[in-house]
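Here are some worked exercises to try with the model open in your viewer. Have a go at each task before you read its solution.

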Amino acid sequence: MNASTPSWDWPRDTTGEILVGGQPLTRVVNAVGSTPCYLYDRQRLTARAQALRASLPKAVLLHYAMKANPMPALVGHMARLVDGLDVASAGELRVALDTGMAPEHISFAGPGKSDGELQQAVAAGILVNVESFREIKVLAEASQRNGVPARVAVRVNLPFELKASGMKMSGGARQFGVDAECVPDLLRDIAGAGLAFEGFHMFAGSQNLRHAAIVEAQTKCYEQALEWQDLLPAPIRSLNLGGGFGIPYSPGEAALDAMPVTDNLAALSDRLVRDLPGAHIVIELGRYLVGEAGIYVSRVIDRKRSRGQVFLVVDGGMHHHLAASGNFGQVIRRNYPVAVNGRRGGTETANVVGPLCTPLDLLADRMELDVAEPGDLVVVFQSGAYGRSASPRGFLSHPEAVEALV
Ligand SMILES: *Cc1c(COP(=O)(O)O)cnc(C)c1O
């Protein structure tokens, strides 16, 4: 897919109704029962995961990073399409285990794992990506209490960052992982505590659309891991190269070409057979797997003019979809792809704003849209990842957005 056929160009019927799971949006929303709502298209979820899985060699495991979208039904759907799940809290672990995914294929990363969460992780038998010296002490205790050694990998704060990343997760001073310089000491502690060492976790950055940058970072991570080979308490079984495959959010952005990345992973897994026999490469993706399969739907409450501009006031906004309002880490605010459902005839430049009493509650800033009236549905595309769960849902005490798999 390229910039001329954007992935948010969802099919429509002859009346202009956007088709979700093959059905007109109005009908889907009526079945769901209320707006605002998030709708996730099962077919799109399946197609994306299957295409990526098919382009990866067997020795590369594909995990779903749940924090991108932790809706239980969606995680259940994803669990059947991927090789494992990555969780970022005990709450996500609960949902992951409920899918029936084997604990062997669940991993846990996060800079602030509480003692209780680490206890739960050991008891459940999942892999913990260790991010501090304290975690080793707590895990040692938990291992004794549960009569089973904690399974651990070392999350490394790399000495470099992922170029052209929307959100950098390593390089410089970071709260994630332990600095590469400290890894030898940490490995010694792991061995001393009798924990079951399984490998490394290295995640350089999120929302990257440049395949060359991802390829470069993955290769560097691979080579970095080999440098510690003489210090390992046990052979590497798992080399997790993180997530970060991006999706486009505006017409000016070209979609990530994943082929060079999967080709590189294939090349690395060939080297792996020689360098680290018995090991797997793991990638854990959130946004790329689910982001394009979701839409956020709200209904126009009011339509007004102010000093020459049209404002469509809708019943949803930044309290459900912080990212679309441009307030989720974006440096420059750009409109998400937004469209009006159905066709009344004609287009106009309009602002789409939410009901909150703040100018930050903006879903579309002077976009060319089909003319809309109160009662019409407005859709924000590319909303399957970092949507509802990454939003300040309590702000102004409006009702929650319903979520549905379609
Ligand atoms: C958020 C996160 C991911 C997923 O990142 P995406 O950019 O959504 O692919 C993967 N691993 C860890 C540890 C994360 O925190």
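A residue counts as buried when its relative accessible area is under 20%, and as exposed when that value is over 50%. Keep in mind that this is a predicted model.

**Exercise 1. A glycine in a loop**

Task: Find Gly 384 and decide whether it is buried or exposed.

Solution: Start with its place in the chain: Gly 384 sits in the loop that links strand S20 (377–380) and strand S21 (402–405). Next, take its relative accessible area, which is 1%. The cut-off for buried is under 20%, so Gly 384 is buried. Then look at what surrounds it. Leaving out residues up to four places away in sequence, Gly 384 touches Tyr 40, Ala 68, Asn 69, Val 290, Gly 291 and Gly 294. For a distance check, select the C-alpha atoms of Gly 384 and Ala 173: they are 31 Å apart, with the two positions 211 residues apart along the chain.

**Exercise 2. A threonine in another loop**

Task: Work out which residues Thr 358 touches, not counting those up to four places away in sequence.

Solution: First locate Thr 358 in the loop between strand S18 (347–353) and strand S19 (362–370). Its relative accessibility is 17%, so Thr 358 counts as buried. With the sequence neighbours set aside, the contacts of Thr 358 are Met 318 and Phe 395.

**Exercise 3. Following strand S7**

Task: Describe how the side chains of strand S7 point, and which strands S7 pairs with.

Solution: Begin with a general point: side chains in a regular strand alternate between the two faces of the sheet. In S7 (residues 127–130), Leu 127 and Asn 129 point one way while Val 128 and Val 130 point the other way, and all are buried.

Now turn to the partners. Strand S6 (residues 106–108) pairs with S7 in the parallel sense over two bridges, and Ser 107 has Leu 127 as its bridge partner. Strand S8 (residues 151–157) also runs parallel to S7, joined to it by four bridges. In that pairing, Val 130 stands opposite Val 154.

Finally, trace the connections. S6, helix H5 (residues 115–124) and S7 make a right-handed β-α-β unit. From S7 the chain crosses through helix H6 (residues 133–146) to S8, and this β-α-β crossover is right-handed.

**Exercise 4. Packing of H6 and H7**

Task: How are the axes of H6 and helix H7 (residues 183–193) arranged, and which residues make the contact?

Solution: Take the axes first: those of H6 and H7 come within 10 Å and cross at roughly 5°. Angles under 35 degrees count as roughly parallel, so H6 is roughly parallel to H7. Then list the residues in contact: H6 supplies Phe 133, Ile 136 and Ala 140, and H7 supplies Asp 185, Leu 186, Asp 189, Ile 190 and Ala 193. Sorted by class, the contact has six nonpolar, no polar and two charged residues.

**Exercise 5. Backbone angles**

Task: Inspect the peptide bond from Thr 35 to Pro 36, then the phi values of Gln 207 and Arg 366.

Solution: The bond from Thr 35 to Pro 36 is cis, with omega near -5°. Pro 36 lies in the loop between helix H1 (25–32) and strand S3 (37–40).

Gln 207, in strand S12 (residues 205–208), has a positive phi near 50° without being a glycine. Its relative accessible area is 15%, so Gln 207 is buried.

Arg 366 belongs to strand S19 and has a positive phi of about 45°, although it is not a glycine. At 52% relative accessibility, Arg 366 counts as exposed.

Conventions. Residues are numbered from 1 along each chain as its sequence is written. This is a predicted model: local features need pLDDT of at least 70, side-chain atom pairs count only at pLDDT 80 or more; totals for chains, interfaces and linings use all residues. Side-chain values use heavy atoms; hydrogens and water are left out. Buried means under 20% relative accessible area, exposed over 50%, partly exposed in between (1.4 Å probe, protein chains only). Two strands pair if DSSP finds at least two bridges between them. A crossover is right-handed if, with the strands pointing away from the viewer, the path from the first strand over the helix to the second runs clockwise. Axes are lines fitted to C-alpha atoms, for helices over the stretch in contact, and angles run from 0 to 180 degrees between N-to-C directions. Angles under 35 degrees count as roughly parallel, over 145 as roughly antiparallel, 65 to 115 as roughly perpendicular and the rest as oblique. Contact means heavy atoms within 4.5 Å. Ala, Val, Leu, Ile, Met, Phe, Trp, Tyr, Cys and Pro count as nonpolar, Asp, Glu, Lys and Arg as charged, and the others, Gly among them, as polar.
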